[in-house]
Amino acid sequence: MKTRVTEMLGIQYPILQGGMQWVGTSSLAAAVSNAGGLGIVTALTQPSPDELGREIARTRALTDKPFGVNLTILPTVNAPPYADYLQAIIDGGVTIVETAGNTPIEFVEKMKEKGVIIVHKCTSVRHAVSAERRGVDLISIDGFECAGHPGEDDIPGLVLIPLAAEALRVPIIASGGIADGRGMAAALTLGAEGVNMGTRFVATHEAPVHENIKQALVDATERDTRLMFRTMRNTSRVLRNTVSEEVVAMERRPGGCEFGDIQHLVAGARGRAALAAGDVNGGAISTGVVVGLINDVPSCAELIQRMVKECRQQLNRARLLAAA
């Protein structure tokens, strides 16, 4: 498959594995890249810039194909040393970076100076247009269906993707709600030139999470996600479990709740432990609505080959319908 996304990133198929906290490690990223897509190592999963450098080296030992690193920049009280993480990415020879959240102009300039291709994730067209002006090379546009933070506009991909395609000159990558070749064909038809998947890649052999978590995704339906932090204007889509149900119930109380009231439930360390131990109710687990389309746990290679075959079938079916 040849699109501007495959040409710019040097990959065989326009399929990207999204950066996922606690999940985007060398094993998964290398497997996706070896299968013809673009694997992504998540920078902040590593406890320090030095550890990130070692994880980049481990990834390079597992694949000779292109891979990228995700660097999500969010305003926090105790912010990680983002500049040092970026330097570790550059020192590691990585030439593709997926950014999300805020992307300071000085970071963009530094990456461009080093020849880094920047894929920036956005949940709205207005933010995508702004990112394009700042000089990013590709936009990953996240629909309301996505796992994690879908923004506050609640615009699903069926509307967001063509709007972004109309407004932007740079190639766009559709993210959120895609798990198979049908979704990929739809995204390409709507104007995207590639797709980004997170939740679907969690349910693969190579994903570094417990088998209980993968089975929970297989067993879940499209109704088994919850939106937390709505009252705080920081919406996060997660798997329906005892933790997310408790958080949502607390937010719905008369007068709502403060973040401090639920912080112990949604702490990142608790979510990480749940993924490792296979405790489905142990913490908040980021999951997209696409979980309803997940019915098995294939290898990354099996998943990508199946997607590509199905995508081609669906595009050909549409061509035949148009010609009828």
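## Exercises: cysteines, salt bridges and a surface patch

At 4% relative accessibility, Cys146 counts as buried; buried means under 20% relative accessible area, exposed over 50%, and partly exposed in between (1.4 Å probe, protein chains only). This is a predicted model: local features need pLDDT of at least 70, side-chain atom pairs count only at pLDDT 80 or more, and totals for chains, interfaces and linings use all residues. Residues are numbered from 1 along each chain as its sequence is written, and side-chain values use heavy atoms, with hydrogens and water left out.

**Exercise 1.** Find how many disulfides the structure holds, and explain why Cys146 has no such bond.

*Solution.*
- Start with the term. A disulfide is a covalent bond between the sulfur atoms of two cysteines. The cut-off is a pair of cysteine sulfur atoms within 2.5 Å.
- Check Cys146. The closest cysteine sulfur is in Cys122, 12 Å away, so it is too far for a bond.
- Check Cys300. Its closest cysteine sulfur, in Cys311, is 18 Å away, also too far for a bond. Cys300 is buried, at 0% relative accessible area.
- Count. The structure holds 0 disulfides.

**Exercise 2.** Place the salt bridge between Asp142 and Lys121 in the chain.

*Solution.*
- Apply the cut-off: a side-chain nitrogen of Lys or Arg within 4 Å of a carboxyl oxygen of Asp or Glu. The Asp142 and Lys121 side chains meet at 3.6 Å, N to O.
- Locate the partners. Asp142 is in strand E6 (residues 138-142) and Lys121 in strand E5 (residues 117-122), 21 residues apart. Helices (H or I, at least four residues) and strands (E, at least two) are DSSP runs, numbered from the N terminus.
- Judge exposure. Both Asp142 and Lys121 are buried.

**Exercise 3.** Which parts of the chain does the Asp296 to Arg200 pair tie together?

*Solution.*
- Confirm the contact. The closest N and O atoms of Asp296 and Arg200 are 2.6 Å apart, in a salt bridge.
- Locate the ends. Asp296 lies in the loop between helix H13 (268-277) and helix H14 (300-323), and Arg200 in helix H9 (residues 199-202), so the pair ties together parts 96 residues apart in sequence.
- Compare burial. Asp296 is partly exposed at 28%, whereas Arg200 is buried at 2%.

**Exercise 4.** Which residues form a nonpolar patch on the surface?

*Solution.*
- List the members. They are Ile155, Leu158, Val159 and Leu163, with about 340 Å² of accessible area together.
- Take one member. Leu158 is in helix H7 (residues 157-167) and is exposed, at 64% relative accessibility.
- Note the rules. Patch residues have over 30% relative accessible area and no salt bridge; like charges are joined within 9 Å, nonpolar side chains (Val, Leu, Ile, Met, Phe, Trp, Tyr) within 5 Å. Areas come from the Shrake-Rupley method with a 1.4 Å probe; for residues, only the protein chains shown count as cover.
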